[in-house]
Amino acid sequence: MRVYNFSAGPSMLPLPVLEKVQAQLIDYNGTGMSVMEMSHRSKAYQEINDAAESLLRELMGVPENYDIIFVQGGASTQFEAVPLNICVNKKADYVVTGNFAKKAFKEAGKFTDAVCAASSEEKNFTYIPKLTAKDFRSDADYVHICFNNTIFGTHYNYVPDTAGIPLVADMSSCILSEEVDVSKFGVIYAGAQKNVGPAGVTIVIVRKDLQDKFQPICPTMLKWATQIKEKSLYNTPPCWSTYVAMEVFRYLKENGGIKAMHETNVEKANMLYDFIDGSSFYKNSVNKEDRSLMNVPFVTPDPETDAKFVAEAAKEGLVSIKGHRLVGGMRASIYNAMPVEGVKKLIEFMKKFELENK
Ligand SMILES: *Cc1c(COP(=O)(O)O)cnc(C)c1O
């Protein structure tokens with residue numbers, strides 16, 4: 001039996017994609033082998049690699065003056081890659097809105113003069129600062145933001161104006177959930193395992209003018225220019241993960257693209273937030289206008305009841321809903337692949353649990 005999996009990542013994938021992958025598992029497209037077994041230099045894999053790139057470009061409307069690469073190491077490796085790849089004045093400004101944003105900031109400090117331009121830590125990361133160009137050093141090489149904060153359930157409802165300083169965004173937990181104007185960003189990166197595909201592949205989208213600003217010490221494997229030049233095939237790529245991601249892209253395209261996904265995501269998130277806000281038992285502490293469509297943290301009146309909620313929900317097939325250890329309580333991650341029915345079932349359970357535990 002399939003459960004409704006509210007995990008923050010790795011997380012649910014669309015069932016039709018899993019079924020297609022299963023059907024192609026031992027004989028991909030008449031090659032007589034699995035994608036897991038095939039040379040990354042083979043024609044079949046080259047086609048997968050090319051299709052992944054072109055489908056993602058089409059879905060996100062990535063302009064021609066950007067390159068897309070599929071690399072290993074997760075979003076965490078990009079925390080290091082960013083300061084090593086974009087360095088002119090050796091200054092970078094970071095906006096600290098959560099745990100991952102903080103990690104990115106700390107990592108950057110090893111390779112550049114990284115400054116925290118703004119933070120929401122004083123309110124336990126429950127809001128997104130309203131940034132203007134004045135918040136940044138005019139000679140900063142880039143400004144780094146985390147567009148959706150997976151642990152704290154916040155999201156930028158605007159793209160900050162940096163007065164021309166390249167904007168670098170970690171979109172690990174919101175990529176493909178909503179339409180974004182890629183041209184407003186210098187670099188976008190995202191680990192796949194939240195809203196795209198299996199763990200192991202990381203998407204990096206880099207504007208062309210930012211590809212030759214790497215530090216001399218930048219390791220070959222972390223240098224975007226290396227993988228851009230080789231079309232993500234400088235070394236053995238995460239073939240399987242990229243292949244499944246490609247099938248997810250195809251599925252999204254066949255099902256109305258990002259616009260349709262976003263509409264459903266808004267519907268799901270509104271249902272859940274409206275229910276929480278209307279209840280005196282459950283609570284979400286995030287500033288309303290900064291709430292994430294993807295990650296919805298909430299608590300009951302006390303930690304013991306939270307633990308009971310998590311255990312009983314699992315018995316109903318609503319799994320991995322425990323909040324991150326930094327926040328406690330619960331967190332429902334409702335990425336693209338979570339069906340509307342999953343959220344409805346969660347709300348029904350929440351109603352029942354409230355009546356029994358008030
Ligand atoms: C999960 C996550 C990361 C870490 O991703 P890894 O692929 O595990 O390195 C970084 N940033 C955000 C916003 C995340 O949600």
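This is a guided tour of a predicted model, going from its open sheet to its helices and then to its aromatic rings.

Residues are numbered from 1 along each chain as its sequence is written. Because the model is predicted, local features need pLDDT of at least 70 and side-chain atom pairs count only at pLDDT 80 or more, while totals for chains, interfaces and linings use all residues, and side-chain values use heavy atoms, with hydrogens and water left out.

**The sheet**

Select the seven strands that form an open sheet in the order E2-E10-E9-E8-E5-E3-E4, with mixed pairing; helices (H or I, at least four residues) and strands (E, at least two) are DSSP runs, numbered from the N terminus, and two strands pair if DSSP finds at least two bridges between them. The edges are strand E2 (66–71) and strand E4 (113–119), each of which pairs on one side only. From one strand to the next, the twist averages 20 degrees.

Move next to strand E10 (202–207), which is joined to E2 by six bridges in an antiparallel arrangement, with Ile-205 of E10 as the bridge partner of Ile-68. Five bridges join E9 to E10, again antiparallel, and here Gly-191 stands opposite Thr-202 in E10. Six of the six residues of E10 are buried, so this strand is largely enclosed by the rest of the structure; buried means under 20% relative accessible area, exposed over 50% and partly exposed in between, with a 1.4 Å probe and protein chains only. Colouring the strand by face shows Thr-202, Val-204 and Val-206 on one side and Ile-203, Ile-205 and Arg-207 on the other.

Further along, select strand E3 (residues 91–96) and strand E5 (residues 142–146), which run parallel and are joined by three bridges; Tyr-94 stands opposite His-144 in E5.

**The helices**

Now add helix H2 (residues 43–60), which lies across E2, E9 and E10 and runs at about 130 degrees to E2; axes are lines fitted to C-alpha atoms, for helices over the stretch in contact, and angles run from 0 to 180 degrees between N-to-C directions. Helix H3 (residues 74–85) also packs on the sheet, touching E2, E3, E5, E8, E9 and E10, and its direction makes about 155 degrees with that of E9.

Then display H7 with helix H9 (residues 340–357), whose axes are 10 Å apart at an angle of about 5 degrees. H7 and H9 are therefore roughly parallel to each other, a term for angles under 35 degrees. Their contact (heavy atoms within 4.5 Å) includes Met-271 and Phe-275 of H7 and Ile-347 and Met-350 of H9.

**The rings**

A search of the whole structure finds 18 aromatic pairs; rings of Phe, Tyr and Trp (its six-membered ring) pair if their centres lie within 6.5 Å, with planes under 30 degrees apart counted as stacked, over 60 as edge-to-face and the rest as tilted. Select Tyr-156 and Tyr-158, whose centres are 5.9 Å apart with planes at 50 degrees, so the pair is tilted. Tyr-156 is buried at 1% relative accessible area, whereas Tyr-158, at 24%, counts as partly exposed.

Next, centre on Tyr-282 and Phe-309, an edge-to-face pair with centres 6.0 Å apart and planes at 80 degrees. Tyr-282 lies in the loop between H7 and strand E11 (295–298) and Phe-309 in helix H8 (residues 303–315), so the pair ties together parts that are 27 residues apart in sequence. Both rings belong to residues that are buried, and both residues belong to an aromatic cluster whose members include Phe-275 and Phe-353.

Finish at Lys-223, whose charged end sits over the ring of Phe-214, 4.2 Å from its centre; this requires NZ of Lys or CZ of Arg within 6 Å of the ring centre and within 35 degrees of the ring normal.

How values were computed:
Angles under 35 degrees count as roughly parallel, over 145 as roughly antiparallel, 65 to 115 as roughly perpendicular and the rest as oblique.
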